[in-house]
Amino acid sequence: MEVESYRILRSRLELDHLPPLSRAVTERTVHSVADVAFAETLVLDEDALLAGRAALLAGAPLIVDTRMAAAGITARETIVPLADPRAADRARATGSTRSDAAFRLAAADHPDGAVWAIGNAPTALFALLEEIEAGRVRPALVVGLPVGFVGAADSKAALARSGVPCLTNRGERGGTPVTVAAIHALLFHRDSGAPSA
């Protein structure tokens with residue numbers, strides 16, 4: 001069924017112009033939502049994706065914004081800052097969201113070389129960008145694909161403008177499924193140059 005699904009996807013979406021890893025990421029994310037129009041919103045940089053893949057394969061921390069993302073990424077261990085009991089205390093003390101507080105704590109715990117994947121919480125992405133701008137965290141890659149009507153499009157636009165190695169998209173669409181799919185594309189891509197399915 002998966003092979004047929006990818007055959008149909010490839011018959012509807014021309015991606016030969018993309019470099020190999022960008023193509024693999026596009027195929028997997030589009031497949032995860034069964035929406036070929038999602039490809040038009042992606043903001044891809046092959047060098048950033050290659051750096052993120054290398055970091056993941058070398059064992060860099062993979063930090064995700066939800067337990068759902070952690071459950072979806074079965075190939076390797078993830079860190080879920082929201083599970084940190086300090087996050088709720090910090091959120092109360094600062095008047096921020098738990099996602100904001102959790103990602104600021106995670107930035108302090110993992111300042112160099114982590115891969116960050118955000119599919120749900122724009123406040124987590126905004127917090128991470130502030131920590132990066134302040135020079136307190138230097139990620140290998142930020143996969144920023146939060147979904148929603150409040151803050152998602154703005155946070156992704158800020159990520160795209162930041163100069164940080166990233167994978168993101170334009171607009172309100174996104175979410176945990178596409179974020180997990182992007183991470184899987186990075187983890188499972190074959191180096192032969194053929195897109196992974």
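Student: A polar contact is a pair of N or O atoms within 3.5 Å, and within protein one of the two must be able to donate a hydrogen and the other to accept it. With that in mind, which side chain is joined to that of Asn169 by a polar contact of 2.9 Å?

Tutor: That partner is Lys156, whose side chain is joined to the side chain of Asn169 at 2.9 Å. Please keep in mind throughout that this is a predicted model. A further polar contact, of 3.2 Å, joins the side chains of Asn169 and Thr41.

Student: Where is Asn169 found, then? And is it buried or exposed?

Tutor: Asn169 is part of strand β5, which covers residues 166-169. Its relative accessible area is 2%, so Asn169 counts as buried. If we set aside residues up to four places away in sequence, Asn169 touches Phe38, Thr41, Leu42, Val43, Gly144, Leu145 and Lys156, so both of the polar partners, Thr41 and Lys156, appear in that list of neighbours.

Student: OK, another one: where does Asp65 lie, and what does its side chain reach at 3.2 Å?

Tutor: Asp65 lies in the loop between β2 (62-64) and α4, and its side chain reaches the backbone nitrogen of Gly119 at 3.2 Å. With a relative accessibility of 2%, Asp65 is buried. Its contacts, leaving aside neighbours within four places in sequence, are Leu82, Phe103, Ala117, Ile118, Gly119, Asn120 and Ala121.

Student: Phe103 is on that list. How many aromatic pairs does the structure hold?

Tutor: The structure holds 1 aromatic pair. The partners are Phe103 and Trp116, whose rings are 5.5 Å apart centre to centre, with 50° between the planes, an arrangement described as tilted.

Student: Why does that pair tie together separate parts of the chain?

Tutor: Phe103 belongs to helix α6 (residues 98-109) while Trp116 belongs to strand β3 (residues 115-118), so the pair links parts that are 13 residues apart in sequence. Phe103 is buried, at a relative accessible area of 2%, and Trp116 is buried as well, at 0%.

Student: Sticking with α6, at what angle do α6 and α7 pack?

Tutor: Those two helices pack at an angle of about 35°, and their axes are 8 Å apart. The crossing of α6 and α7 is right-handed. On the α6 side the contact is made by Ser99, Asp100, Phe103, Arg104 and Ala107, and on the α7 side by Thr123, Ala124, Ala127, Leu128, Glu130 and Glu131. Sorted by class, this contact has 5 nonpolar, 2 polar and 4 charged residues.

Student: Let's take one of those. Is Glu131 buried or exposed?

Tutor: Glu131, which is found in helix α7 (residues 122-133), is buried, with a relative accessible area of 6%. Not counting residues up to four places away in sequence, Glu131 touches Arg104, Ala107, Arg136 and Val137; of these, Arg104 and Ala107 are also among the α6 residues in the helix contact.

Student: And the other helix packing, α2 with α9: what is the angle there, and how far apart are the axes?

Tutor: Helix α2 (residues 20-33) and helix α9 (residues 176-188) pack at an angle of about 145°, with 8 Å between their axes, and their crossing is right-handed. From α2 the contact takes in Leu21, Ala24, Val25, Arg28, Thr29, Ser32 and Val33, while α9 supplies Pro177, Val178, Ala181, Ala182, His184, Ala185, Leu186 and Phe188. By class, the contact has 11 nonpolar, 3 polar and 1 charged residues.

Student: Which residues does Ala75 touch?

Tutor: Ala75 touches Leu187 and Phe188, again not counting residues up to four places away in sequence. Ala75 has its place in the loop between α4 (67-72) and α5 (85-94), and at a relative accessible area of 43% it is partly exposed. The C-alpha atoms of Ala75 and His184 are separated by 8.1 Å, although these residues are 109 residues apart along the chain.

Student: Last topic: what is phi of Ala34 near?

Tutor: Phi of Ala34 is near 50°, which is a positive value in a residue other than glycine. Most residues other than glycine have a negative phi. Ala34 lies in the loop between α2 and β1 (42-43), and it is exposed, with a relative accessible area of 72%.

Technical notes. Residues numbered from 1 in each chain as written. Predicted model: local features only at pLDDT ≥ 70, side-chain atom pairs only at ≥ 80, totals over all residues. Heavy atoms only, no water. Axes fitted to C-alpha atoms, helices over the stretch in contact; angles between N-to-C directions. Helix = DSSP H or I, 4+ residues; strand = E, 2+ residues; numbered from the N terminus. Left-handed = near helix turned anticlockwise from the far one by under 90°. Contact = heavy atoms within 4.5 Å. Nonpolar A, V, L, I, M, F, W, Y, C, P; charged D, E, K, R; others polar. Phe/Tyr/Trp six-rings, centres within 6.5 Å; stacked < 30°, edge-to-face > 60°. Buried < 20%, exposed > 50% of the residue type's maximum accessible area, 1.4 Å probe, protein only.
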